[in-house]
Amino acid sequence: MEIIPYTVEERPETGLFNAKLGVWLFLASEVMLFGALFSSYILLRVSAPAWPEGASLLSVPIGTFNTIVLITSSVTMVMAWASLKEKNLKRFRFFIGSTVLLGLTFLLIKLFVEYHAKFEHHNFPSKSTFLAIYFTLTGLHGIHVLGGVILNSYFWGPGSKMFLDQPERFTNRIEVAGLYWHFVDLVWIFLFPVLYLL
Amino acid sequence: MHTDTAHDVKKEVKGYIIVFVSLMALTLITVAVKYLHLKLAEAIVVALVIATFKASLVASYFMHLISERKLIYTILAFTVIFFAGLVILLLSGYHNTQTGIKFVS
């Protein structure tokens, strides 16, 4: 089997293993994606004759709880990587499994508590500019959370086999997955106050 | 740079717990500030300052940016410039409407 170079050892020109450079470039593009939507939010709000207070349409306690869930999942994700650095596969599976469960919790609350409540009261995206940008921002963020949950589920399951014969390469994979997951948490850290508290 | 010895990882884990507790506290502070009923402009500034500080903790410690290579900083510097440019250009376009232009809608 051909070995892909620089999955473990650092490339001399960059000082990084390839996937780390790749994921940071990807995250830079994601900043522009969410940045464009945040800019749209700013422009829509500034130009609107009236704008509702976030808390009048959204539940602050539920938003706060979801924020705590996502921040906790960021901690469990980095602990999963630290467990692999200490060559502890069992602890790694506990932490990556916790990350997956917390991510699912976030999604289920968003979908079945928040979105469901909105739709029950006929608060659809088409009803107002606020709801349109709320559903766009949180919907896109939710898709990113779902992608992370799927990826981390793979690493909890069949993906973890790689640790048995290529532990450093697998550890680097988890580091890269962790960078993506922390970015998703980072976006929510801004989304929550902007949509719920202002 | 990433550490390899078990002792170093344990030290990093201690740091992660401290950052986690800080993030929880800052989240609660963010929500508490809402109930101070500040003026909108003040509320926006306070909320974004706290959010930026929280984001910097996540980036610095969970994403290991605090000990990352110069190349990553260079990439992120370009990202910041482009993002700032996007927001500044949009807002300046909104505020700088010229007189005498015919608007169709």
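1. A cavity, as the term is used here, is a set of grid points where a 1.4 Å probe fits but cannot get out, and its lining residues are those with an atom within 4 Å of such a point. The structure under discussion is a predicted model, and the points below should be read accordingly.

2. One cavity of 30 Å³ or more is counted in the model. The volume of the largest cavity is about 50 Å³. Its lining draws on both chains: chain A provides Met77(A), Val78(A), Trp81(A), Ile174(A), Glu175(A), Gly178(A), Leu179(A) and His182(A), while chain B provides Phe62(B), Met63(B) and His64(B). Two elements of chain A, helix 3 (60-85) and helix 7 (167-197), give two or more residues each to this lining. Helix 7 of chain A makes the largest contribution, with five residues.

3. In composition, the lining of the largest cavity comprises seven nonpolar, three polar and one charged residues. Glu175(A) is among the lining residues, and Glu belongs to the class counted as charged.

4. Chain A contains seven helices and zero strands. Read from the N terminus, its elements therefore follow the order α-α-α-α-α-α-α, helices being taken from DSSP runs. The C-alpha trace of chain A spans about 60 × 35 × 25 Å along its principal axes.

5. Turning to the interface, 46 residues of chain B are in contact with 49 residues of chain A. About 4200 Å² is buried between the two chains, and carbon and sulfur atoms give 81% of that area. On the side of chain B, the residues that lose the most area to chain A are Lys34(B), Phe62(B) and Met63(B), which together account for 15% of what that side buries. Phe62(B) and Met63(B) also appear in the lining of the largest cavity.

6. Four salt bridges are counted between chain B and chain A. One salt bridge joins the side chains of Glu86(A) and Lys10(B), at 3.3 Å from N to O. Six residue pairs are found in polar contact across the interface, with both residues at pLDDT 80 or more.

7. Helix 1 (6-34), helix 2 (40-62) and helix 3 (70-95) of chain B each supply at least two residues to the side that touches chain A. Helix 1 of chain B gives the most, with 13 residues. By class, this side of chain B has 32 nonpolar, seven polar and seven charged residues.

Technical notes:
Residues are numbered from 1 along each chain as its sequence is written. Chains are lettered from A and ligands numbered from 1 in the order in which they are written. This is a predicted model: local features need pLDDT of at least 70, side-chain atom pairs count only at pLDDT 80 or more; totals for chains, interfaces and linings use all residues. Side-chain values use heavy atoms; hydrogens and water are left out. On a 1 Å grid over the protein atoms alone, a cavity is a set of points where a 1.4 Å probe fits but cannot get out, and a pocket is an open set with protein on both sides within 12 Å along at least five of seven lines; lining residues have an atom within 4 Å of a point. Grid points are joined across faces, edges and corners, and a volume is the space filled by probe spheres set on the points. Helices (H or I, at least four residues) and strands (E, at least two) are DSSP runs, numbered from the N terminus. Contact means heavy atoms within 4.5 Å. Buried area is the accessible area (1.4 Å probe) that two parts lose on being put together, summed over both. A polar contact is a pair of N or O atoms within 3.5 Å; within protein, one must be able to donate a hydrogen and the other to accept it, and residues adjacent in sequence count only if both atoms are side-chain atoms.
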